Amino acid sequence: MALLLDLVLLAAGLVLWQRSSSEGDEVWSLFLRGLAVIDLSMIAIGNGVLWLEIPLLLGALALPSVARLERRRHGSL
């Protein structure tokens, strides 16, 4: 069970890294890559700090993209 959960978290970290590669804003991309590195390092050395890691990772994956924020801002003007 723990191995399956680690694999799911690993996949989520890799998705976050891939998402950071497709962003146009360099600062946002660097922020997402930092979150992905933190996630992957917590999997490697965290030893069961899942009560902290899972909510933070879900929050990171729910962050909007810069393009969506720009569309929302220009649509409200």
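Tutor: Contact here means heavy atoms within 4.5 Å. The model is predicted. Ask away.

Student: Leaving aside neighbours within four places in sequence, which residues is Ser20 in contact with?

Tutor: Start with the location: Ser20 is found in helix H1. Neighbours up to four places off in sequence are set aside. What remains for Ser20 is Ser29, Leu32 and Arg33.

Student: Why does Ser20 count as buried?

Tutor: Buried means under 20% relative accessible area. Ser20 falls under that cut-off, so it counts as buried; its relative accessibility is 1%.

Student: How far apart in space are Ser20 and Ser65, C-alpha to C-alpha?

Tutor: In sequence, 45 residues separate Ser20 and Ser65. In space, their C-alpha atoms are apart by 9.3 Å.

Student: Take Arg19 next. Is it buried or exposed?

Tutor: Arg19 also has a place in helix H1. Its relative accessibility is 17%. The cut-off for burial is under 20%, so Arg19 counts as buried.

Student: Which residues does Arg19 touch, not counting those up to four places away in sequence?

Tutor: One partner is Leu32, which is also in contact with Ser20. The full set for Arg19 is Leu32, Ala60, Leu61, Leu63, Pro64 and Ser65.

Student: Over the face of which residue does Arg33 lie?

Tutor: Arg33 is a contact of Ser20. It also sits over a ring, at 4.8 Å from the ring centre. That ring belongs to Trp17.

Student: How many aromatic pairs does a search of the whole structure find, and what is the angle between the planes?

Tutor: The search finds one aromatic pair. Trp28 and Phe31 form it, at 5.5 Å centre to centre. The pair is tilted, and the angle between the planes is 35°.

Student: Where do Trp28 and Phe31 lie?

Tutor: They are three residues apart, about one turn of the helix. Both lie in helix H2, residues 26–45.

Student: Which relative accessibility does Phe31 have?

Tutor: Its partner Trp28 counts as buried, at 19%. Phe31 counts as partly exposed. Its value is 41%.

Student: Which residues make the nonpolar surface patch of about 380 Å²?

Tutor: One member, Leu10, is found in helix H1, residues 2–21. Leu10 counts as partly exposed because its relative accessibility is 34%. The patch is made by Leu3, Leu7, Leu10 and Leu14.

Student: Now the whole protein. Which pattern does it follow along the sequence?

Tutor: Its secondary structure comes to four helices and zero strands. Read along the sequence, the pattern is α-α-α-α.

Student: What share of the contacts with a separation of 6 or more comes from residues 24 or more positions apart?

Tutor: Ser20 and Ser65 show a sequence separation of 45 residues. For contacts at a separation of 6 or more, residues 24 or more positions apart account for 64%.

Student: What share of the exposed area do carbon and sulfur atoms supply?

Tutor: Buried residues make up 25% of the 77 residues. The protein exposes about 5500 Å². Carbon and sulfur atoms supply 72%.

Terms used:
Residues numbered from 1 in each chain as written. Predicted model: local features only at pLDDT ≥ 70, side-chain atom pairs only at ≥ 80, totals over all residues. Heavy atoms only, no water. Patch = residues over 30% accessible without salt bridge, like charges linked within 9 Å, V, L, I, M, F, W, Y side chains within 5 Å. Areas by Shrake-Rupley, 256 points an atom, 1.4 Å probe, with all protein chains shown as cover. Salt bridge = Lys/Arg side-chain N within 4 Å of Asp/Glu carboxyl O. Helix = DSSP H or I, 4+ residues; strand = E, 2+ residues; numbered from the N terminus. Buried < 20%, exposed > 50% of the residue type's maximum accessible area, 1.4 Å probe, protein only. Phe/Tyr/Trp six-rings, centres within 6.5 Å; stacked < 30°, edge-to-face > 60°. Lys NZ or Arg CZ within 6 Å of the ring centre and 35° of its normal.
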